Amino acid sequence: MKKIILTLLFTFCLLINIAQAKELYLFNWSEYIPDEVLEQFTKETGIKVYLSTYDSNEAMYTKIKLVKGEYDLIVPSTYFVEKMAREGLLEPINHKLIPNLKNISPKFLNQSFDPENKYSVPYMWGSTAVCYNSARLGKGYIKSLNDLWNPELKGKLLLPNDVREVFGLALKKLGYSINETNPKHIEEAYLELKKLLPLVKVFDSDSPKHALLNEEVLVAVTWSGEAFIANSEDQNFLYAYPKEGYSLWMDSFAIPRGAKNVENAHKFMNFILRPDISAKISQEMGYATPNQAAIKLLPPEIQNNPIIYPSQEELKRGEFQTDVQDALLVYEKYWNELKNN
Amino acid sequence: MKHKFYFFKYPLIFWLITFVLIPSSAIFAVVFFSFHPTNFFSLPLTLSNFKKLFELHFVQIFLNSLFLAGGATIISLLLGYPFAFILSWLTPKKKKLALFFIILPFWTNSLIRTYSLVLLLGKKGFFNNFLLALGIVNTPLELLYTKIAVFIGLVYTLLPFMILPIYSSFEKMNKKLLEAARDLGASSWNVFFRIILPLTKSGIYSGCLLVFLPALGMFYIPDILGGSRDILLGNFIKDQFLFTRNWPLGAAASLVLSLIMIVLSTLFFKEKKIKFVHE
């Protein structure tokens with residue numbers, strides 16, 4: 001009798017295990033992974049992927065912090081990997097389970113935000129710079145950030161609805177870092193932005209390409225992927241890396257504390273890092289892949305596209321966003337003031 | 001007297017406790033805590049959150065929201081009142097059809113309808129193309145990302161909430177009163193201001209409340225159609241909870257918003273009560 005019960009219990013546990021082993025809860029940025037890639041993963045491994053999306057690191061962070069074990073894999077930006085690891089919100093990653101990690105270019109590994117990649121695996125990277133309508137403004141209209149402050153652009157400018165990106169523009173113009181924590185310097189940037197605000201027609205982080213393509217605005221500070229899509233629809237939309245500098249970002253996979261399907265999360269990361277899969281994602285989404293084996297598989301027009309892959313020289317001017325901690329409140333205060341004056 | 005379906009009150013009580021009382025009390029409690037960068041809120045208890053609210057241009061944010069919500073309410077009333085009046089004089093068959101068309105947009109998500117307004121109002125949108133083709137304007141009108149677009153969006157979304165209660169009060173109105181007034185020699189002006197308007201007052205109150213309160217908290221329409229250049233109450237609260245994670249401050253703002261809503265609804269019900277006494 002005892003044996004039967006034990007056997008039953010054992011099979012029961014096994015069944016639960018199998019049931020558990022077949023799913024993965026992915027919490028990703030919206031429009032950041034092609035559906036076919038998820039379908040292919042399910043087809044190859046039998047693991048079903050449940051995708052939820054977010055539109056800012058902050059929203060994702062708040063959710064992870066409030067509810068434990070709801071998601072197995074998240075895609076925070078560099079400075080949020082740093083912040084979440086520091087606060088004990090991430091599970092360490094087992095490198096043995098991700099042999100494809102060798103495909104990642106060494107220049108994206110072992111960075112200061114996560115030494116030895118204990119908690120994160122690079123997914124995609126890109127830039128935030130200036131996309132403009134060269135048919136109306138002429139080629140080379142935007143070279144420097146000063147060109148954005150041109151009164152001629154009144155009511156023709158789009159900025160992202162993101163406090164850090166907008167302040168980054170003014171900070172770079174003044175020659176500071178985009179990760180400034182000195183309240184004095186942030187205030188100086190605020191005073192610069194006050195002059196810029198009358199030129200702004202719209203703040204949009206969702207889909208700035210529409211306002212550009214429909215000529216609602218002529219200049220948009222936007223992510224590289226948006227500029228790539230605008231440029232593929234009409235070659236006259238050019239993307240300029242301002243000479244004072246601009247912000248770079250990278251999003252990485254990480255496993256949140258209390259994740260239920262840790263093994264599947266590793267399987268998924270290994271699958272994504274396969275050269276053919278990384279190449280497919282980069283080509284479809286218009287963002288750069290840190291996967292050097294994948295780059296070789298991309299068609300030359302993508303490999304050499306200056307919007308997706310800036311040149312070495314342009315890359316040097318870019319700066320990665322980092323966590324500004326308490327200074328975020330200072331930014332937020334001036335942001336409120338900016339929008340209400 | 002105990003009603004046959006008396007036990008149905010228990011799910012209702014459960015609902016109110018779980019989804020109204022507990023969250024509202026939580027918000028009320030958080031107001032008195034201090035900001036904490038990683039824990040959302042912490043001790044010590046304080047009253048400074050209300051003070052901080054006013055340091056952060058909260059009055060300006062509040063006035064912006066009030067202006068948009070108030071404007072949308074007035075426009076909806078000016079459009080909805082004659083609409084409801086005409087509706088109540090239609091034949092039953094036409095009435096049914098008209099009501100069906102008023103309700104029809106609800107079958108599509110309001111966010112999607114707002115995005116389609118972006119396509120209609122844009123420089124290369126349907127509306128401007130139409131005006132250009134007719135030769136009414138020579139250059140496309142600046143509509144999208146202006147206050148006009150915001151009002152169009154708010155009125156478009158909320159107009160049915162104005163029409164339906166006013167329509168129902170028109171339906172309840174005894175039309176013979178109008179004939180009687182006419183027979184006794186009242187002018188059109190008098191008929192409207194001394195009979196129609198007082199009798200449809202409760203519909204106007206309900207309609208205004210149903211438009212004003214949602215408009216006050218609705219932030220995605222001003223964001224999408226107005227270009228997010230102003231911070232409104234709804235955005236402010238959302239940002240405090242999700243972005244800066246300053247929960248006590250967000251709670252203070254949402255408490256102020258709730259108080260305004262409570263005051264307005266109380267005024268409304270008081271008005272209604274007076275009417276019942278008259279009856």
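Is Glu215(A) buried, partly exposed or exposed, and what is its relative accessibility? At 24% relative accessibility, Glu215(A) counts as partly exposed, because the buried class ends under 20% relative accessible area and the exposed class begins over 50%. I start with this residue since it leads us to the contact between chains, but let me first say what we are looking at.

This is a predicted model, and it scores ipTM 0.76 and pTM 0.82. Chain B averages a pLDDT of 86, with 94% of its residues scoring at least 70. As a general caution, where pLDDT is low, the predicted coordinates should not be read in detail.

Chain B, to give you its outline, has 13 helices and 2 strands, and its C-alpha atoms fill a box of roughly 70 × 70 × 35 Å along the principal axes. Of the 279 residues in chain B, 41% are buried.

Now back to the charged pairs. Over all chains, the structure holds 15 salt bridges, and I would like to walk through three of them. In general, side chains of opposite charge can pair when their charged atoms come close.

The pair that involves our opening residue is a salt bridge between the side chains of Lys124(B) and Glu215(A), at 3.8 Å from N to O. This pair crosses between chains, running from Lys124(B), in the loop between helix 5 and helix 6 (126-134) of chain B, to Glu215(A), in the loop between helix 8 and strand 8 of chain A. Lys124(B) is partly exposed, with a relative accessible area of 47%, and Glu215(A), as I said at the start, is partly exposed at 24%.

Next to consider is Glu216(A), whose side chain meets that of Lys201(A) in a salt bridge of 3.7 Å, again N to O. Glu216(A) sits in the loop between helix 8 (208-213) and strand 8 (219-223) of chain A, while Lys201(A) belongs to strand 7 (residues 200-203) of that chain, so the pair ties together parts that are 15 residues apart in sequence. Are these two partners buried or exposed? Glu216(A) counts as buried, at 3% relative accessibility, and Lys201(A) counts as buried as well, at 5%.

In chain B, Lys123(B) forms a salt bridge with Glu142(B), with the closest N and O atoms 3.1 Å apart. Lys123(B) lies in the loop between helix 5 and helix 6, and Glu142(B) in the loop between helix 6 and helix 7 (147-172), so this pair ties together parts of chain B that are 19 residues apart in sequence. Glu142(B) counts as partly exposed, at 42% relative accessibility. Salt bridges that share partners join Lys201(A), Glu216(A), Lys123(B) and Glu142(B) into one network.

Let me turn from pairs to patches on the surface. Which residues gather in the patch of negative charge? They are Asp35(A), Glu36(A), Glu39(A) and Glu284(A), and helix 2 (residues 35-45) of chain A gives the most to this patch, with 3 residues. Glu284(A), for its part, lies in helix 11 (residues 275-285) of chain A, and it counts as partly exposed at 42% relative accessibility.

On chain B there is a nonpolar patch on the surface, with about 860 Å² of accessible area together, whose members include Leu97(B), Phe100(B), Trp107(B), Phe161(B) and Leu210(B). Helix 4 (residues 92-103) of chain B gives the most to it, with 4 residues. Another member of this patch is Phe106(B), which is found in the loop between helix 4 and helix 5 (110-121) of chain B and is partly exposed, with a relative accessible area of 36%.

Finally, a few details of the backbone. Most residues other than glycine have a negative phi, yet Asn110(A) has a positive phi near 55 degrees, in the loop between strand 4 (90-91) and strand 5 (121-133) of chain A. Ser228(B) also has a positive phi, near 45 degrees; this residue lies in the loop between helix 11 (220-226) and helix 12 (233-243) of chain B, and it is buried, with a relative accessible area of 5%.

The last residue on my list is Ser30(A), in the loop between strand 1 (23-29) and helix 2 of chain A, which counts as partly exposed at 41% relative accessibility. Ser30(A) and Asp55(A) are 25 residues apart in sequence, and their C-alpha atoms are 6.2 Å apart in space.

Methods
Residues are numbered from 1 along each chain as its sequence is written. Chains are lettered from A and ligands numbered from 1 in the order in which they are written. This is a predicted model: local features need pLDDT of at least 70, side-chain atom pairs count only at pLDDT 80 or more; totals for chains, interfaces and linings use all residues. Side-chain values use heavy atoms; hydrogens and water are left out. Patches are made of residues with over 30% relative accessible area and no salt bridge: like charges are joined within 9 Å, nonpolar side chains (Val, Leu, Ile, Met, Phe, Trp, Tyr) within 5 Å. Accessible areas come from the Shrake-Rupley method with a 1.4 Å probe; for residues, only the protein chains shown count as cover. A salt bridge is a side-chain nitrogen of Lys or Arg within 4 Å of a carboxyl oxygen of Asp or Glu. Lys and Arg count as positive and Asp and Glu as negative; His and the chain ends are not counted. The place of a charge is taken as NZ of Lys, CZ of Arg, CG of Asp or CD of Glu. Buried means under 20% relative accessible area, exposed over 50%, partly exposed in between (1.4 Å probe, protein chains only). pLDDT is the predictor's confidence in each residue, from 0 to 100.
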